[in-house]
Structure formats: structure tokens, C-alpha cells
Amino acid sequence: MNHGLIALLMAATLFPVAAEGKNARCVIKQNGTTAYSGACDFQMDQGGSFGIRRHDAKPILPNITDISVFIVSSGVAEVRGLTTDGINSRWGRAIRSQVDPACWKGSDFEICAY
């Protein structure tokens, strides 16, 4: 097999091209304070899981480019943030808000996507 093709396939696996999502308004709170409120790119995944990022490729929070909310069971998600260094940092468990179902609340954060 061609070594150039192998390198290209490996690069595509390691650095996938982000799929374009739909426009949304995101609100991210940290320790009860709004850390981001504005336009975002909302990418729906299987089972209700989703990811958010800014449209302009700037960090959505200091040193955080993407936030993923992965549904683990009904009303419960695992939240992670992708750092500008490429580290997938675990934020922890979040519970879907019964007051506003667009929001997921963790111990010290809240992610809402409208």
C-alpha cells in the first residue's frame, strides 16, 4: 500500500473534519456566573448527545474550544471540554433541568443550548 495514502488515512482518523451543525444560542455558567452567552454551532449526536462550539473557531471559554454533552442514561449526561491543547477534560456528570430541558446542570457548571 502507498505510504502517502496510509499517512492520509491516519491523519483523517486523528484529525476529523468537524461537521457543520445548526445555529443555536448557548449559555454556559460556571459557579453560578455566566461565562458565555451567545451564538454557537450545535452538533446533534446519537441518543440526544450533542456538542457545541463557537462559529468563529475562537474558544467558547478560556482554553476550551468544544463542549460535549454525552447522554449516559435518561436525564443524565457526562460533560467534557476540549482544551486548546487538544486535551479532552472531564467536567463531570450533569442532570437535565426539569425547569428548562435545554439545560444540563453539573456540580459547578450549567450548559444550555437553545
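A salt bridge, as the term is used here, is a side-chain nitrogen of Lys or Arg lying within 4 Å of a carboxyl oxygen of Asp or Glu. In this predicted model, Arg54 and Asp56 satisfy that description, with their closest N and O atoms 2.6 Å apart. Arg54 is partly exposed at a relative accessible area of 21%, and Asp56 likewise counts as partly exposed, at 41% relative accessibility.

**Salt bridges**

A search of the whole structure finds three salt bridges, and the table sets out the partners with the N to O separation of each pair.

| Basic residue | Acidic residue | Closest N and O atoms |
|---|---|---|
| Arg53 | Asp66 | 2.5 Å |
| Arg54 | Asp56 | 2.6 Å |
| Arg90 | Glu78 | 2.5 Å |

The bridge between Asp66 and Arg53 has its closest N and O atoms 2.5 Å apart. Because Asp66 belongs to strand S4 and Arg53 to strand S3, this pair ties together parts that are 13 residues apart in sequence. Asp66 counts as buried, at 16% relative accessibility, whereas Arg53 is partly exposed, with a relative accessible area of 28%.

The side chains of Arg90 and Glu78 also meet in a salt bridge, at 2.5 Å from N to O. Here Arg90 sits in strand S6 and Glu78 in strand S5, so the pair ties together parts that are twelve residues apart in sequence. Arg90 is exposed, with a relative accessible area of 54%, while Glu78 counts as buried at 17% relative accessibility; the cut-off that matters for Glu78 is that buried means under 20% relative accessible area.

**The nonpolar core**

In soluble globular proteins, nonpolar side chains tend to be buried together. In this model the largest nonpolar core has 22 residues, and those with the most contacts inside it are Ile52, Ile60, Ile67 and Ile111. Two or more residues of this core come from each of strands S1 (22–30), S2 (33–44), S3 (50–53), S4 (64–73), S5 (76–83), S6 (88–96) and S8 (109–113). Strand S4 gives the most to this core, with four residues.

Which residues does Ile67 touch, if those up to four places away in sequence are not counted? Its partners include Ile52, Ile60 and Ile111, which are also named among the residues with the most contacts inside the core. Ile67 further touches Ile28, Phe50, Gly51, Leu61, Val79, Arg80, Gly81 and Trp91.

Technical notes: Residues are numbered from 1 along each chain as its sequence is written. This is a predicted model: local features need pLDDT of at least 70, side-chain atom pairs count only at pLDDT 80 or more; totals for chains, interfaces and linings use all residues. Side-chain values use heavy atoms; hydrogens and water are left out. A nonpolar core is a set of buried Ala, Val, Leu, Ile, Met, Phe, Trp, Tyr and Cys residues joined through side-chain atoms within 4.5 Å. Buried means under 20% relative accessible area, exposed over 50%, partly exposed in between (1.4 Å probe, protein chains only). Contact means heavy atoms within 4.5 Å.
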